[in-house]
Amino acid sequence: MFLNISKSFLIWALAILFAATLWSLDGTIIRPNFYEFPAINIVFLEHLFWAILLSPFLFWGWNRIRSMWKKSFASMLWVSFFWGLVGTLMITEAYFAAFRWETTFATVIILQKLQPFFALFLAAIILKERLSKWFYAWALIAIFSGYMIAYGSLGKDIFSLNIFHSAAFYAFVAAFAFGSSTVFGKDLVSHLGFRVSTALRFTCTTILAGIAVFFLSDFWAIQALTVFHWQLLVLITFTSGAGALFLYYFWLKKITASNATIFELAWPLSGIFFDWYFNGNILNTTQIIFSCILLVSFFMIIEEHKKK
């Protein structure tokens, strides 16, 4: 059945899955090492590194930026503020709270997985993406599987989660920020290309984060960062940071925002794997079953795209 799938589309899908896996590695293994520092300072530094790294693309695409449509300009502001600043800051705060045992990582994962609902809803409204009923059926199956993978070993009732808990609230806001930015990022890439879009997004977010640090935090707290922390920041830059987003934006131009946000559900799947590999936590029966279902839903979405 899958032999007739477009090879190019399969590559695009795998690229999105790989980028989501890098973000999972960041959140579960790397980022928690900074929990003793103000989250906004970490967000500013990582975006500053990315902005410097990608700055040549701003000069290369300056003419396109100057002639950018009003709609694209609004998309750039939305993505820079919500994905770059708000989303990254909120999910970082949520991870820090989980690492300090104020909540569990599962709570953060569950609420952050509301992201596809925002993305699918906005993709239909803003981008006019009209996909088949089967696509949305498999999308719901994939989303539900992501939830089950996340809290399948905890014995927790999703309805018992307290949204007013600080970490839960951070994760909820991050879900909206990332989900909506998938849609606006698609619009931005369509007009500016993935290179210029990525560089512009990081530059604008760096400026916004710098303003936030000036008014809300102590910039000189970075003096307490050790050599190990600086090495981790460089690692983030080339993996889950600029590296993953550069890859993500490149293929987002080739794929619908609705498909992209479903493939991002590789986050819980890879997160469970990292938890097993680094922490020795083994998947239970529920998680294994729904991991398989999640993989099947990915393939069925690809198959549905082939029919379309």
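**Figure 1. Burial and helices across the whole chain.** Of the 308 residues in the chain of this predicted model, 53% count as buried. The secondary structure amounts to 13 helices and zero strands. Read from the N terminus, the order of elements is therefore easy to keep in mind, with α at every position, α-α-α-α-α-α-α-α-α-α-α-α-α. The close-ups below start with the nonpolar cores, then turn to a helix pair, a pocket and three single residues.

**Figure 2. The largest nonpolar core and another one apart from it.** Here we look into the largest nonpolar core, which has 49 residues. Good places to begin are Phe34, Val108, Leu200 and Leu225, the members that touch the most other members. Several helices supply at least two residues each to this core: H2 (39-60), H4 (70-99), H8 (166-192), H9 (194-216) and H10 (227-252). Among the contributors, H4 gives the most, with 12 residues. Apart from this core lies another, of 27 residues. Its members include Ala142, Ile143, Ile255 and Ile262.

**Figure 3. Helices H2 and H9 where they cross.** Two of the helices that feed the largest core, H2 and H9, are shown here as a pair. Their axes come within 7 Å of each other and cross at roughly 145°. The crossing of H2 past H9 is left-handed. What kinds of residue make up the contact of H2 with H9? By class, the contact has 16 nonpolar, seven polar and two charged residues.

**Figure 4. The second largest pocket and its lining.** This view turns to the second largest pocket, which holds about 150 Å³ of space. Its lining has 13 residues, and those closest to the pocket centre are Leu14, Leu17, Leu295, Phe298 and Phe299. Helices H1 (7-30), H12 (266-279) and H13 (285-307) are the elements that each give two or more residues to the lining. The largest share comes from H1, with five residues. For anyone thinking about the chemistry of the lining, the split by class is 11 nonpolar, two polar and no charged residues.

**Figure 5. Phe99 in helix H4, with Phe34 for reference.** Phe99 lies in helix H4. Is Phe99 buried, partly exposed or exposed? Its relative accessible area is 36%, so Phe99 counts as partly exposed. Along the sequence, Phe99 and Phe34 are 65 residues apart, while in space their C-alpha atoms are 9.9 Å apart. Phe34 may look familiar from Figure 2, where it is one of the core residues that touch the most other members.

**Figure 6. Phe49 in helix H2, with Ile236 for reference.** Phe49 has its place in helix H2. Why does Phe49 count as partly exposed? With a relative accessible area of 24%, Phe49 is not under the 20% cut-off for buried, so it falls in the partly exposed class. The C-alpha atoms of Phe49 and Ile236 are 9.6 Å apart, although the two residues are 187 residues apart in sequence.

**Figure 7. Ser190 in helix H8, with Ser72 for reference.** Ser190 lies in helix H8. Its relative accessibility is 40%, so Ser190 counts as partly exposed. How far apart are the C-alpha atoms of Ser190 and Ser72? They are separated by 8.9 Å, and the two serines sit 118 residues apart along the chain.

Notes: Residues are numbered from 1 along each chain as its sequence is written. This is a predicted model: local features need pLDDT of at least 70, side-chain atom pairs count only at pLDDT 80 or more; totals for chains, interfaces and linings use all residues. Side-chain values use heavy atoms; hydrogens and water are left out. A nonpolar core is a set of buried Ala, Val, Leu, Ile, Met, Phe, Trp, Tyr and Cys residues joined through side-chain atoms within 4.5 Å. Buried means under 20% relative accessible area, exposed over 50%, partly exposed in between (1.4 Å probe, protein chains only). Helices (H or I, at least four residues) and strands (E, at least two) are DSSP runs, numbered from the N terminus. Axes are lines fitted to C-alpha atoms, for helices over the stretch in contact, and angles run from 0 to 180 degrees between N-to-C directions. A crossing is left-handed if the near helix is turned anticlockwise from the far one by less than a right angle, and right-handed if clockwise. Ala, Val, Leu, Ile, Met, Phe, Trp, Tyr, Cys and Pro count as nonpolar, Asp, Glu, Lys and Arg as charged, and the others, Gly among them, as polar. On a 1 Å grid over the protein atoms alone, a cavity is a set of points where a 1.4 Å probe fits but cannot get out, and a pocket is an open set with protein on both sides within 12 Å along at least five of seven lines; lining residues have an atom within 4 Å of a point. Grid points are joined across faces, edges and corners, and a volume is the space filled by probe spheres set on the points.
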